[in-house]
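Colleague: Hi! I have this model open on my screen and would love a quick tour. Could you walk me through it?

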Amino acid sequence: MVGFRHFCAVDKADRLTPVPCGVISAEPKGRERERDECEMSTTIIREMRFEAAHFLPKTPEGHKCRRLHGHSYVIEIHVTGEVDPETGWVCDFDELRQAFLPLRVQLDHHTLNEVGGLENPTSEVLAGWLWERMILLLPGLTAVVVHETCTSRCVYTGP
Ligand SMILES: [Zn+2]
């Protein structure tokens, strides 16, 4: 009888190799590993918040979004990767928070239109702007979600 097979054994050396958040680790050298049996693609999501003012200069005259106004933005950072068999996680949620913090400094309680690259700060533009900066620190980034209001949000999954 063939019982449950689990092939997640990883060489000790592999466990000690730091792997960037959400990146599938390199194949172990010298020994075949049956990856199909142990890959567990999982997405973790960290939610971050900030307050900012903006206006949308490309909307028609009289459009309410053309006037200066503010939002309590909620940002979701999605990172997808294998669950590490040793740690039991894709990566530390705090890595997602850390990737966002320098950007939060630029955005929180600012007028987004004054931030380089956000001259027309729609949710879509903001999501792309955040992606371009966070992908450098989070190679496993799979989505940035910008909640502009409780009922309106934009999901960006990369170029
Ligand atoms: Zn707005």
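Colleague: Let's start with the strands. How many bridges join β1 to β2?
Modeller: There are 14 bridges between β1, residues 41-54, and β2, residues 69-82, and the two strands run antiparallel. To pick out one pair, Ala52 has His71 in β2 as its bridge partner. Keep in mind that this is a predicted model.

Colleague: And which way does β3 run against β2, parallel or antiparallel?
Modeller: Antiparallel again: six bridges join β2 to β3, which covers residues 141-147. Ile75 is a good place to look, with Val146 as its bridge partner in β3.

Colleague: Okay, stepping back a bit. What's the overall order of helices and strands?
Modeller: Along the sequence, the pattern reads α-α-β-β-α-α-β-β. That gives four helices and four strands.

Colleague: Now the inside. Which residues have the most contacts within the largest nonpolar core?
Modeller: Those are Ile75, Val79, Leu126 and Val144, in a core of 23 residues. The elements giving two or more residues to this core are β1, β2, α3, α4 and β3.

Colleague: Let me click on Val144. What does Val144 touch?
Modeller: Leaving out residues up to four places away in sequence, Val144 touches Ile75, Ile77, Ala127, Leu130, Trp131, Met134 and Tyr156.

Colleague: Let's move to α4, then. Which of the α4 residues are buried?
Modeller: Ser123, Leu126, Ala127, Trp129 and Leu130 are the buried residues of α4. Looking down the axis of α4, you find these buried residues within an arc of 160 degrees, so they line one face of the helix.

Colleague: Why can residues that aren't next to each other in a helix point the same way?
Modeller: An α-helix has 3.6 residues a turn, so residues three or four places apart point the same way.

Colleague: Nice. What covers the buried residues of α4?
Modeller: The cover includes β2, α3, β3 and β4, the last being residues 153-156.

Colleague: And how far does α4 reach from end to end?
Modeller: From its first C-alpha to its last, α4 reaches 16 Å, close to the 16 Å expected for its twelve residues at 1.5 Å a residue.

Colleague: Changing topic: what about the loop before α4? Is Gly116 buried or exposed?
Modeller: Gly116 is exposed, because it has just 7 C-beta neighbours inside 10 Å, and a residue counts as exposed at 12 or fewer. Gly116 sits in the loop between α3 (93-107) and α4 (123-134). Its C-alpha is 9.7 Å from that of Gln106, ten residues apart along the chain.

Colleague: What is the phi of His109?
Modeller: The phi of His109 is near 60 degrees, a positive value in a residue other than glycine. His109 also lies in the loop between α3 and α4. With 10 other C-beta atoms within 10 Å, His109 is exposed.

Colleague: Last thing, confidence. What is the average pLDDT?
Modeller: The average is 84, and 75% of the residues score at least 70. Over residues 28-37, though, the pLDDT is below 50, and this stretch has eleven contacts in the model beyond near neighbours in sequence. Residues 1-18 also stay under 50, with 18 contacts beyond four places in sequence.

Colleague: How should I read the coordinates where pLDDT is low?
Modeller: Where pLDDT is low, the predicted coordinates should not be read in detail.

Notes: Residues numbered from 1 in each chain as written. Predicted model: local features only at pLDDT ≥ 70, side-chain atom pairs only at ≥ 80, totals over all residues. Buried ≥ 20, exposed ≤ 12 C-beta atoms within 10 Å, placed from the backbone. Pairing = 2+ DSSP bridges. Core = buried A, V, L, I, M, F, W, Y, C linked by C-beta atoms within 7 Å. Contact = placed C-beta atoms within 7 Å. Expected span 1.5 Å × (residues − 1). Arc of directions from axis to C-beta. pLDDT = per-residue confidence, 0-100.
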